Amino acid sequence: MAKESSQAARAADAADAVDAAGVHRVVVIVDANSNPFELGCATEVFGLRRPEIGRDLYDFKLCSPAPSTLMRDGFFTLTGVADLEAADAADTLIVPNRPDIEVPRRPAVLDAVRRAHARGARLVGFCSGAFTLAEAGVLDGRRATAHWQWADSFRARFPSVQLEADVLFVDDGDILTAAGSAAALDLGLHIVRRDHGAEVANSVSRRLVFAAHRDGGQKQFVERPMPDLPDESLTPVLAWAQARLDSPLAVSGLAARAAVSPATLHRRFQAQLGTTPLAWLTGERLALACRLIERGESRFEVVARRSGLGTAANLRRLMLRETGITPSAYKRRFGPEAH
């Protein structure tokens, strides 16, 4: 997730500025041989109206450098979208992703990415979109991820980029990248959460019938038990813990509830969720703390206690680490008075 950094601070400032001026503009560039799935993910998360929320979250637009764009493997042709000039008005620009990673991107597309970065727009790459960002030169010295099968090729072509090849997504402040396919939904919901808070992100995830929160540091792929093995699902213990987040839960307690050793529980978390029990528990507690703040609880000691984070100081430390902002700043941005 986002770290406290100059990039995160710039991204937060940009989001505040857009909030004051109007609805955040999200523009997706579609180019020849683009993947339909990631385009669909962007449309689902940022493009649909949200009557259940009661307000528009984003102004969404597709654009292309050509009047007619043949999508991946000739599945269909996209027409009737804006021209590439629309990218110059984007607050968030989602760049093209294509399976033909060795084919250079159009100079006009790369120029649009560079202009967006120079004026402070947020840049997003899904899957091979990281190649587009790197080719534009905006990822030099920055953190990013891409689909695991292209990791070696990416490192060979762009050695100055800090590639994290075994994570779902990377939030490096004003540039965000996702590993590909379903991870595009994870990153999209992460962006909604960063822009509009946990309650709104949960509402969007329910509409998608998709997990509300998978941390970006989780593995791109995880092991699954074979069908003929005994049921080792973590669902019962996860539900039990989620109902008791304000209690002094520990990994040993989760293991006891699951009737396994802590070591076995740890292996199952890694295999089924791609994370550790402690990291999952901390993430759930932080998400609850965010929801409590959004619902109007302004006493941070109460928020910390009810979410199981202990003290206001610990709440502040974790929120800074995971969201890049303090509880007070989160309250100003996402509390009841912000809407």
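How many disulfides does the structure hold? I looked, and the count is zero. I note that this is a predicted model.

**Cysteines**

I checked two cysteines for burial. Cys127 has a relative accessible area of 4%, so I log Cys127 as buried. Cys290 comes out at 6%, so Cys290 goes down as buried too. The cut-off I applied is under 20% relative accessible area.

**Whole chain**

I went through the secondary structure next. The chain has 14 helices and eleven strands. I then looked up burial across the 339 residues, and 52% of them count as buried. The exposed surface of the chain is about 15,100 Å². Carbon and sulfur atoms supply 54% of that area. I also checked how far apart contacting residues lie in sequence. Taking contacts between residues at least 6 apart, 64% join residues at least 24 apart.

**Nonpolar cores**

Which residues touch the most other members of the largest nonpolar core? I found Ile29, Leu93, Val113, Leu123, Leu133, Leu139 and Phe154 in that role, in a core of 35 residues. I traced the elements that give two or more residues to this core: strand 1 (24-29), helix 3 (107-118), helix 4 (129-135) and helix 5 (151-157). Helix 3 gives the most, with five residues.

I followed Ile29 further. Leaving out residues up to four places away in sequence, I listed what Ile29 touches. The list includes Cys63, Pro65, Leu84, Ala87 and Leu93. Ile94, Val95, Pro96, Val109 and Ala112 are on it as well.

I also found a second, separate core, this one of 33 residues. Among its members are Leu39, Leu57, Val124 and Ala179. For background, nonpolar side chains in soluble globular proteins tend to be buried together.

**Helix 8**

I turned to helix 8 (residues 235-242) and asked which residues are buried. They are Val237, Leu238, Trp240 and Ala241. Their arc around the axis is only 160°, so these residues sit on the same side of helix 8. Thr235 and Pro236 are exposed on the other side. What covers the buried residues of helix 8? My list includes helix 9 (251-258), helix 10 (262-272) and helix 11 (277-294).

**Helix 14**

My last entry is on helix 14 (residues 327-334). Here Pro327, Ala329, Tyr330, Arg333 and Phe334 are buried. Why do I place them on the same side of helix 14? Because they cover an arc of only 160° around the axis.

Definitions and conventions
Residues numbered from 1 in each chain as written. Predicted model: local features only at pLDDT ≥ 70, side-chain atom pairs only at ≥ 80, totals over all residues. Heavy atoms only, no water. Helix = DSSP H or I, 4+ residues; strand = E, 2+ residues; numbered from the N terminus. Buried < 20%, exposed > 50% of the residue type's maximum accessible area, 1.4 Å probe, protein only. Contact = heavy atoms within 4.5 Å. Areas by Shrake-Rupley, 256 points an atom, 1.4 Å probe, with all protein chains shown as cover. Core = buried A, V, L, I, M, F, W, Y, C linked by side-chain atoms within 4.5 Å. Disulfide = S-S within 2.5 Å. Arc of directions from axis to C-beta.
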